[in-house]
Amino acid sequence: MKDICAVEQELQTVRSIQRTIDIIIAGLLISGQITIVRIIVEPGGFALSAGGPLTGRSRLEGKLGSKTLSLLIDISDLLLAILLISDQTNVSGIFIGPGRFSFNITGPIFGVSKNEPSLPNLERIFTQFRWIVSEHFNVDPQLLII
């Protein structure tokens, strides 16, 4: 059985990885590489899904080229990035579709409890993740080694 300090250190590592992912996604939102693409309603709250050309989706733009609507979308992306940086929201998962994926973002501010890291089955889950990504998205499995 693992020492309590070792388990706490591993949990801190998982928290650090999750926080890094939040910051990276915030940077992608600020730079316009990804944008909000959908709202997911769930019991008691909602989540926002973000994607763009990097994830195999087209970038969301204002209808009929409307600069006002495009500006509102950019402001929404900026606000979401600020919520990610301030740890009010977090990346909660990935939605995978045929040839594309998007990042789900939610948190207490949207009525959904904050995700807390846990270690049971972590290695099995990460092994499955590496296999799915390398098999279906043509990513070299060596790039997914941590």
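This briefing describes the fold, one helix, the strand pairings and the aromatic pairs of the protein chain. The model is a predicted one. Its secondary structure comes to 3 helices and 4 strands, and from the N terminus on these elements follow one another in the order α-β-β-α-β-β-α. The chain has 146 residues, of which 29% count as buried.

**Overall surface and contacts**

- The accessible surface of the protein chain comes to about 9500 Å², and carbon and sulfur atoms account for 64% of that surface.
- Among the contacts in the chain with a separation of 6 or more, 52% are made by residues that stand 24 or more positions apart.

**Helix α2**

- Helix α2 covers residues 67–85, and its 19 residues should span 27 Å at 1.5 Å a residue, which agrees with the 27 Å that separate the C-alpha atoms at its two ends.
- The buried residues of this helix are S70, I73, D77, L80, A81, L83 and L84. Seen down the axis of α2, these buried residues fall within an arc of 160°, so they line one face of the helix.
- On the face of α2 that is turned away from the buried side, the exposed residues are K67, T68, L71 and L79.
- Just after α2 comes D87, which takes a positive phi of about 65°.

**Pairing of the strands**

- Strand β1, made of residues 35–42, and strand β2, made of residues 45–51, pair in the antiparallel sense over 7 bridges. Within this pairing, R38 has S49 of β2 as its bridge partner.
- The hairpin of β1 and β2 has 2 residues between the strands, and in this hairpin G44 takes a positive phi near 85°.
- Strand β3, which runs over residues 90–97, pairs with β4 in the antiparallel sense over 7 bridges, and the bridge partner of I94 in β4 is F103.
- The hairpin of β3 and β4 likewise has 2 residues between its strands, with G99 taking a positive phi near 75°.
- Strands β2 and β4 also pair in the antiparallel sense, in this case over 3 bridges, and here L48 has I105 of β4 as its bridge partner.
- Strand β4 is mostly covered, since 5 of its 7 residues are buried.

**I105 and V91**

- I105 has its place in strand β4 and counts as buried, because its relative accessibility is 0%, under the 20% limit for a buried residue.
- Not counting residues up to four places away in sequence, I105 touches I25, L29, A47, L48, A50, L80, L84, T89, N90, V91, S92 and F110. Of these residues, L80 and L84 are among the buried residues of α2, while L48 is the residue whose bridge partner in β4 is I105.
- V91 lies in strand β3 and is also buried, with a relative accessible area of 19%.
- From C-alpha to C-alpha, I105 and V91 are 4.4 Å apart in space, although 14 residues separate them in sequence. For V91 and T106, which are 15 residues apart along the chain, the C-alpha atoms are separated by 6.6 Å.
- Leaving aside neighbours within four places in sequence, V91 is in contact with I21, D22, I25, L84, F103, N104 and I105. Both V91 and I105 therefore have I25 and L84 among their contacts.

**Aromatic pairs**

- The structure holds 2 aromatic pairs. In one of them, the rings of F46 and F110 have their centres 4.5 Å apart and their planes at 35°, so this pair is tilted.
- This pair links distant parts of the chain, as F46 is in strand β2 and F110 is in the loop between β4 (100–106) and α3 (122–136), with the two residues 64 residues apart.
- F46 is partly exposed, with a relative accessible area of 30%, whereas F110 counts as buried at 12% relative accessibility.
- In the pair of F101 and F103, the ring centres are 5.5 Å apart and the planes stand at 80°, so the pair is edge-to-face.
- F101 counts as partly exposed at 22% relative accessibility, while F103, at 12%, counts as buried.

Notes:
Residues are numbered from 1 along each chain as its sequence is written. This is a predicted model: local features need pLDDT of at least 70, side-chain atom pairs count only at pLDDT 80 or more; totals for chains, interfaces and linings use all residues. Side-chain values use heavy atoms; hydrogens and water are left out. The expected span of a helix is 1.5 Å times one less than its number of residues. Buried means under 20% relative accessible area, exposed over 50%, partly exposed in between (1.4 Å probe, protein chains only). The arc is that of the directions from the helix axis to the C-beta atoms. Two strands pair if DSSP finds at least two bridges between them. Contact means heavy atoms within 4.5 Å. Accessible areas come from the Shrake-Rupley method with a 1.4 Å probe; for residues, only the protein chains shown count as cover. Rings of Phe, Tyr and Trp (its six-membered ring) pair if their centres lie within 6.5 Å; planes under 30 degrees apart count as stacked, over 60 as edge-to-face and the rest as tilted.
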